[in-house]
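Below are some remarks on the model, set out as numbered points for discussion. They are best read with the coordinates open.

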Amino acid sequence: MSFSIYWEQYIEKNWEWVLAYISNNAYLDNTTFRGMRWKLLKTFDTIYIYDLHWNSLKKEKTPEWTTDQNVFDIMVWVNIIFWIKTWKKKKWKLATVYHYDSYGKRQEKYENLLNSSIESTKWNKLNPVEPYYFFVEKDFSEQLEYEKWFSVSELFSKNVLWFQTHRDNFIIWDSYNEIKKRVDEFIHFEWTEEEISKYFWLKATKEWSIINTQKNLLNIESLEEFIVPCWFRPFDNKWTFFSKLVIDRTRTLLVENIFNKENLSLIVPRQTSWNFRHVLCNKFVCEANLTWTWWTNWAWNIFPLYLYQKNKDDLLWEEKIEKVPNLDWEIILKIEKKLWMSFVYSVDDNYSDIKWDYFCPEDLFDYIYSVLHSKSYRETYKEFLKIDFPKVPFNVNKETFFKMVKLWRELRSYHLLENENLIPKNFITKYSIDWDNLVEKIKYDDEKVFINDEQYFEWVPGKVWDFYIWGYQPAQKWLKDRKLSNLGYEDIIHYGKMIVSLNETVRIMEEIERVFNV
């Protein structure tokens, strides 16, 4: 894009210009480039965008759901763009933008280009509006309604990115014993820094020293208290040594409110180029690149339900740790009025008896999560959900509110793999262990997931195999991450639990549609 900015600055100083070239599509609707789009709209009179599509990262299809292909042997989706400037446009006016979608196979696109001109192309006139000035067609007809709602970033007082180790291969392992052994071995390794670096695949930086870290770890009395469960990927729990001595960005909010604490967290990214399917929950510390794939790397934000605050007890002259909801009280008051219910600070044994008149932090959390899993909500407001943290409607009655709460409470138990039904006798899959369980070539065929030529998980529904959490397909990626490894008994049981949980997710999302209507 430096190319277009260079020419735009040059053209701005001259009376008339026509510039045409091929570029990638990243700047057409990425919110990061809104300033650039505004500048181009001011400089030029007319902009024509011939969008050649095929985004390989999104596995893009035509509107008829047939094959779409790139015009080049590349993964990046491209367009042909024409920038036109004359002396006629007033300085205060913005350019007129025309857009055309070209879908289909490569040869079809070539033929269309050869037989088309600017005059013969059926352009769609866009109306880029602030604050983003998108160069693609967007449906903002629901904007007024959507803007009335509360953003999760407004409702939850504090949020932060998850932690980043910058040395995952050293500090994140499959079991408690593995990580403990790894840290012990590192501490007592009596070789040179260069030898330690090669052995552990570590690299010293200006901020992080291998030798100093060794010395500091030796001074810790109890290393075990820093070894905690870690959510590394969806449905893929691991263990980590959660200390700023070995992790570059532990995040203060995580250390104070999640690390070794009882809590619940909502997890969503701020923006995405995909249609929204980007919401999770968890109880543990979590690696920032939760849905990392080889082609993309998005960071997620955590919204803890509770904060652990230090408060001074004036009578006892000592500090106490108090667990308080991480919620904006002004918004809570508004929600109370909308629901005709009262918010309770905490829950006791009698809460179930008064539930129809009160709601608690967990109820609010569960309602939000169920709304974010609504297919109609995701489809209706998909353009807004790509831009910023999601907003949540509270235009429901008590009955609907608590039906939503119940649905997500069940779904949450499956996502955390805590549901009482997650036992082998209830698994929908069948697996024969009479072989070596080596994950070699993964193939899905007729509801069977083959891990090698002989062994497979049977009765895995297609909707579960293809289920997405962002661009990450848990049922597939979990196995791919274990390629050339032998699955143990616990691995096989875990995969069975995961398939049940994903299948229940699909079912409960369908049930949400019958209860909730945006």
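1. In this predicted model, the side chains of Asp363 and Arg409 meet in a salt bridge, with 3.1 Å from N to O. The pair links distant parts of the chain, since Asp363 belongs to helix H13 and Arg409 to helix H16 (residues 398-415), 46 residues apart. The two partners are placed as follows: Asp363 is buried at 0% relative accessibility, whereas Arg409 is partly exposed, with a relative accessible area of 32%.

2. A further contact of this kind involves helix H16, where Glu410 forms a salt bridge with Arg507, the closest N and O atoms being 2.8 Å apart. Arg507 is in helix H19 and Glu410 in helix H16, so that this pair, too, links distant parts of the chain, 97 residues apart. Both residues count as partly exposed, Arg507 with a relative accessible area of 33% and Glu410 at 28% relative accessibility. Salt bridges that share partners also join Asp363, Asp366, Arg409 and Arg412 into one network.

3. The count of salt bridges comes to 20, and one of them is formed by Arg270 with Asp388, whose closest N and O atoms are 3.0 Å apart. Arg270 lies in the loop between strand E11 (265-268) and strand E12 (280-282), and Asp388 in the loop between helix H15 (382-385) and strand E19 (391-392), so the pair ties together parts that are 118 residues apart in sequence. Arg270 is partly exposed at 48% relative accessibility, and Asp388 is likewise partly exposed, with a relative accessible area of 26%.

4. Is helix H13 (residues 361-372) enclosed by the rest of the structure or exposed? Of its 12 residues 11 are buried, so the helix is largely enclosed by the rest of the structure; among the buried residues are Pro361, Leu364, Phe365, Asp366, Tyr367 and Val371. The geometry of H13 is also as expected, because at 1.5 Å a residue its 12 residues should span 16 Å, and its end C-alpha atoms are 17 Å apart, which agrees.

5. Phe516 lies in the segment after helix H19 (489-515) and is buried, with a relative accessible area of 2%. Leaving aside residues up to four places away in sequence, Phe516 touches Tyr367, Val371, Ser374, Ser376, Tyr377, Pro393, Val396 and Met404, and of these Tyr367 and Val371 are buried residues of H13. The C-alpha atoms of Phe516 and Lys375 are separated by 9.9 Å, although the two residues are 141 residues apart along the chain.

6. The structure holds 0 disulfides. Why is Cys286 without a bond to Cys230? The sulfur of Cys286 is 6.6 Å from that of Cys230, the closest cysteine sulfur, which is too far for a bond, given that a disulfide requires sulfur atoms within 2.5 Å. Cys286 is buried at 0% relative accessibility, and Cys281 is buried too, with a relative accessible area of 1%.

7. An open sheet is formed by 5 strands in the order E1-E3-E2-E4-E5, with mixed pairing. Strand E1 (17-24) and strand E5 (124-125) stand at the edges and have a single partner strand each, so one side of each is left without a neighbour in the sheet. Strand E2 (residues 46-53) and strand E4 (residues 96-101) run parallel and are joined by 6 bridges, with Thr46 standing opposite Thr96 in E4. Helix H4 (residues 106-114) lies across E2 and strand E3 (78-85), running at about 155 degrees to E2.

Key. Residues are numbered from 1 along each chain as its sequence is written. This is a predicted model: local features need pLDDT of at least 70, side-chain atom pairs count only at pLDDT 80 or more; totals for chains, interfaces and linings use all residues. Side-chain values use heavy atoms; hydrogens and water are left out. Two strands pair if DSSP finds at least two bridges between them. Helices (H or I, at least four residues) and strands (E, at least two) are DSSP runs, numbered from the N terminus. Contact means heavy atoms within 4.5 Å. Axes are lines fitted to C-alpha atoms, for helices over the stretch in contact, and angles run from 0 to 180 degrees between N-to-C directions. Buried means under 20% relative accessible area, exposed over 50%, partly exposed in between (1.4 Å probe, protein chains only). The expected span of a helix is 1.5 Å times one less than its number of residues. A salt bridge is a side-chain nitrogen of Lys or Arg within 4 Å of a carboxyl oxygen of Asp or Glu.
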